[in-house]
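Visitor: I have a model open and would like to learn how to read it. Where do we begin?

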Amino acid sequence: MAALPYRLPDEPRPSGLSRYAVDPLWPLLTLMLAGGGFGLAWFAFNSAALGSPTRGREWACVALSVFGTVALVFTIGVLLGSGWLRPEHQAYAFLSLLLLKVGVAYTLYLMQQRCFEIFEHYGGEPRNGMPLMILLAVVGRGALDMTGWPMMLRMVLQ
């Protein structure tokens, strides 16, 4: 009879991407400074790199942010078109997009932080995410502003 290895529920599952794991603070700051597209992509990658046991929930949060943004933009457009939302209140309605993105990002940060602490405790060596965060905030954000992408895609990525 083969013995099953004992695993803690919160224990990270090692992966070949472990050498690219970073403190989840860096994807959170990237989302705030460079936009949702870069930050959410980095959160999803970091989840795989950390071997997070809550990877499925984290990727669901990323999908919630993307599709929730699309749904909110569509809803605000419908409300404006039907006259239920006055144009002078449009700016306040678009704050809901920011609330959704930052709320999901903070949730992702909290989910990954627990796994990251265990990763570090057992000898995992994280990379410094500051250079990539600065690069994405300076170059990446400018690249998104210069493109002529459709408005809906820009709302999701910014």
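The dialogue below goes from the whole chain to single residues.

Visitor: What kind of model is this, and how are residues numbered?

Guide: This is a predicted model: local features need pLDDT of at least 70, side-chain atom pairs count only at pLDDT 80 or more, and totals for chains, interfaces and linings use all residues. Numbering starts from 1 along each chain as its sequence is written, and side-chain values use heavy atoms, with hydrogens and water left out.

Visitor: How many helices and strands does the chain have?

Guide: Start with the rule. Helices (H or I, at least four residues) and strands (E, at least two) are DSSP runs, numbered from the N terminus. Here there are 6 helices and 0 strands. The pattern along the sequence is α-α-α-α-α-α. The C-alpha trace spans about 70 × 35 × 20 Å along its principal axes.

Visitor: What share of the residues counts as buried?

Guide: Buried means under 20% relative accessible area, exposed means over 50%, and partly exposed is in between (1.4 Å probe, protein chains only). In this chain of 158 residues, 36% are buried.

Visitor: How much area does the chain expose?

Guide: Accessible areas come from the Shrake-Rupley method with a 1.4 Å probe; for residues, only the protein chains shown count as cover. The chain exposes about 9500 Å². Carbon and sulfur atoms supply 69% of that area.

Visitor: And contacts? What share comes from residues 24 or more positions apart?

Guide: Contact means heavy atoms within 4.5 Å. Take the contacts with a separation of 6 or more: residues 24 or more positions apart account for 74% of them.

Visitor: How many charged side chains are there of each sign?

Guide: Lys and Arg count as positive, Asp and Glu as negative; His and the chain ends are not counted. Each charge is placed at NZ of Lys, CZ of Arg, CG of Asp or CD of Glu. The chain has 11 positive and 9 negative side chains. The centres of the two sets lie 7 Å apart.

Visitor: Now one helix. What span should α3 have?

Guide: The expected span is 1.5 Å times one less than the number of residues. Helix α3 covers residues 55-82, which is 28 residues, so it should span 40 Å. Its end C-alpha atoms are 40 Å apart, which agrees. Just after α3, Gly-83 takes a positive phi of about 90 degrees.

Visitor: Which residues of α3 are buried, and what covers them?

Guide: They are Glu-58, Cys-61, Val-62, Ser-65, Gly-68, Thr-69, Val-73 and Ile-76. Their cover includes α2 (36-50), α4 (90-121) and α6 (151-157).

Visitor: Where can I see α4 meeting those residues?

Guide: Try Val-104, which is found in helix α4. Its relative accessibility is 7%, so Val-104 counts as buried. Leaving out residues up to four places away in sequence, Val-104 touches Cys-61, Leu-64 and Ser-65. Val-104 and Val-62 are 42 residues apart in sequence, yet 7.5 Å apart in space, C-alpha to C-alpha.

Visitor: How many disulfides are there?

Guide: A disulfide is a pair of cysteine sulfur atoms within 2.5 Å. By this rule there are 0 disulfides. Cys-61 is in none; its nearest cysteine sulfur, that of Cys-115, is 14 Å away. Cys-61 is buried, with a relative accessible area of 15%. Cys-115 is buried too, at 3%.

Visitor: Let me try helix α1. Which of its residues are buried?

Guide: Helix α1 covers residues 25-34, and its buried residues are Trp-26, Pro-27, Leu-28, Thr-30, Leu-31 and Ala-34. Look at Thr-30: its relative accessible area is 0%, so Thr-30 is buried. Beyond residues up to four places away in sequence, Thr-30 touches Gly-35, Phe-38, Gly-39, Trp-42, Met-133 and Leu-136. Gly-35 follows α1 and has a positive phi, near 115 degrees.

Visitor: Is Arg-141 buried, partly exposed or exposed?

Guide: Arg-141 is partly exposed, because its relative accessibility is 32%. Arg-141 is found in helix α5 (residues 130-146). Not counting residues up to four places away in sequence, Arg-141 touches Leu-33, Ala-34, Gly-35, Phe-38 and Leu-136.

Visitor: And Gln-113: what does it contact?

Guide: Gln-113 lies in helix α4. Its relative accessibility is 15%, so Gln-113 counts as buried. Leaving aside neighbours within four places in sequence, Gln-113 is in contact with Asp-23 and Pro-24.
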